[in-house]
Amino acid sequence: MKRKPIIAGNWKMFKTVAQSVTTALDLKSRTYNANHCEVLIAPVFTALKTVADRLEGSQIRIAGQNCAAEAAEGAFTGEISAEMLADAGCTHVIIGHSERRQYYNETNALVAKKLVRALTAGLIPILCVGETLAERDAGQAEAVVTSQVLEGTRSLTAPDLFRIVAAYEPVWAIGTGRAATPEIAQSMHRLIRSVVQEKFGSEAAQQLRILYGGSVKPDNIASFMNEADIDGALVGGASLDAETFSKIVFFHNQN
Ligand code: PEP
């Protein structure tokens, strides 16, 4: 099955509102003709509405980097709901990024709740999974990622799988400059697809887009995109600069 690639940029806790707008507009002018893939950026919360407004009419989509696990609104100081992200102009939201799991103790159970909240709000969640270096060295990478997928999607039904995106991001490759080899990434992506197939059926599994994340750069993106089960990239550091990120968007020119 042909799956339209997604190239997504996670801006993490970088950029003021003005800097976010400048980068977003620069990216817009560099990628206006990128019809071969979906382009997505995830600015900080404070910049979402302004960036979304300034990108109106462009094909770049906006994602939140996280959302609350609770209700659409309520007494949850410091939280931002999926509905509020949608209201600010987001179409997507990153859920369960390893930095959330690592620094804010996000468990698979919490991730499962957030996925439901995102879907209820009409957002497309990007479910992030990936093992740590210690887990890989201990031979547990497959088991860890399998349980992240199964537990994270435990409240979902097969039709829900048509409205989510997955991202395999080995923790040891994020921000380290040490990307996974395309072979390792492909074998983990194939595993994720087979786990989804077993639980939700082959149609859901075949259409599911699974992004690779971890030190993606213009000079390695093509090697990942050549793999059968890699359907795009979730890019951190290299997405902060519009020129660099646009080279990743046009991955087919980077061979
Ligand atoms: C990320 O933050 O999801 C990521 C993959 O970061 P980097 O590209 O910097 O490794």
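Which residues of strand 7 (residues 210-213) lie on one side, and which on the other? In this predicted model, Ile210 and Tyr212 take one side of strand 7. Leu211 and Gly213 take the other. All of these residues are buried, and both faces of the strand are covered.

Strand 7 belongs to a barrel. The barrel is closed by 8 strands in the order 1-2-3-4-5-6-7-8, with parallel pairing. From one strand to the next, the twist averages 25°. Strand 6 (residues 165-168) runs parallel to strand 7, and 3 bridges join the two. Here alanine 166 is placed opposite isoleucine 210 of strand 7. Strand 8 (residues 232-235) also pairs with strand 7 in the parallel sense, over 2 bridges. Two positions illustrate this pairing. Tyrosine 212 stands opposite alanine 233 in strand 8, and glycine 213 stands opposite leucine 234 in strand 8.

Strand 1 (residues 6-10) was examined next. In a regular strand, the side chains alternate between the two faces of the sheet. In strand 1, Ile6, Ala8 and Asn10 are on one side. Ile7 and Gly9 are on the other. Both faces are covered. Because 5 of the 5 residues of strand 1 are buried, the strand is largely enclosed by the rest of the structure. Strand 1 pairs with strand 2 (residues 38-42) in the parallel sense, over 5 bridges. Within strand 2, leucine 40 is the residue opposite alanine 8.

Nonpolar side chains tend to be buried together in soluble globular proteins. In this model, the largest nonpolar core has 69 residues. Ile7, Ile41 and Tyr212 have the most contacts inside this core. Helix 8 (residues 182-200) gives the most to the core, with 7 residues. Another core lies apart from the largest one and has 12 residues, including Ala8, Ala42, Cys128 and Ala167.

The contacts of isoleucine 7 reach several stretches of the chain. With neighbours within four places in sequence left aside, isoleucine 7 is in contact with Cys37, Glu38, Val39 and Leu40, among others. Further contacts of isoleucine 7 include Ile221, Gly232 and Ala233. Phe245, Ile248, Val249 and Phe251 are also among them.

Two other buried residues were considered. Isoleucine 62 lies in strand 3 (residues 61-64). Isoleucine 62 counts as buried because its relative accessibility is 4%, below the 20% limit. Beyond residues up to four places away in sequence, isoleucine 62 touches Leu40, Ile41 and Pro43, among others. Leu48, Val51, Ala52 and Leu55 are also among its contacts, as are Gly89, Cys90, Thr91 and His92. The C-alpha atoms of isoleucine 62 and glycine 130 are separated by 23 Å, and these residues are 68 residues apart along the chain.

Leucine 85 is placed in helix 3 (residues 82-87). Its relative accessibility is 1%, so leucine 85 counts as buried. Outside its neighbours within four places in sequence, leucine 85 has contacts that include Phe45, Leu48, Gly64, Asn66 and Cys67. Ile80, Cys90, Val93 and Leu123 are also in contact with leucine 85. Leucine 85 and glutamate 198 are 113 residues apart along the chain, and their C-alpha atoms are separated by 32 Å.

Helix packing was then described. Two packed helices are described by the angle between their axes and the distance between the axes. Helix 1 (residues 17-31) packs with helix 2 (residues 45-54) at an angle of about 35°, and their axes are 9 Å apart. The crossing is right-handed. Helix 1 contributes Val17, Ser20, Val21, Ala24, Leu25 and Lys28 to the contact. Helix 2 contributes Thr46, Ala47, Thr50, Val51 and Arg54. By class, the residues of this contact are 6 nonpolar, 3 polar and 2 charged.

Helix 1 also packs with helix 11 (residues 242-249). Their axes come within 9 Å and cross at roughly 35°. This crossing is right-handed. Thr23, Asp26, Leu27, Arg30 and Thr31 of helix 1 meet Ala242, Glu243, Phe245, Ser246 and Val249 of helix 11. The contact has 4 nonpolar, 3 polar and 3 charged residues. Helix 11 also lies across strand 1, strand 2 and strand 8. Helix 11 runs at about 155° to strand 1.

Methods
Residues are numbered from 1 along each chain as its sequence is written. This is a predicted model: local features need pLDDT of at least 70, side-chain atom pairs count only at pLDDT 80 or more; totals for chains, interfaces and linings use all residues. Side-chain values use heavy atoms; hydrogens and water are left out. Axes are lines fitted to C-alpha atoms, for helices over the stretch in contact, and angles run from 0 to 180 degrees between N-to-C directions. Helices (H or I, at least four residues) and strands (E, at least two) are DSSP runs, numbered from the N terminus. A crossing is left-handed if the near helix is turned anticlockwise from the far one by less than a right angle, and right-handed if clockwise. Contact means heavy atoms within 4.5 Å. Ala, Val, Leu, Ile, Met, Phe, Trp, Tyr, Cys and Pro count as nonpolar, Asp, Glu, Lys and Arg as charged, and the others, Gly among them, as polar. A nonpolar core is a set of buried Ala, Val, Leu, Ile, Met, Phe, Trp, Tyr and Cys residues joined through side-chain atoms within 4.5 Å. Buried means under 20% relative accessible area, exposed over 50%, partly exposed in between (1.4 Å probe, protein chains only). Two strands pair if DSSP finds at least two bridges between them.
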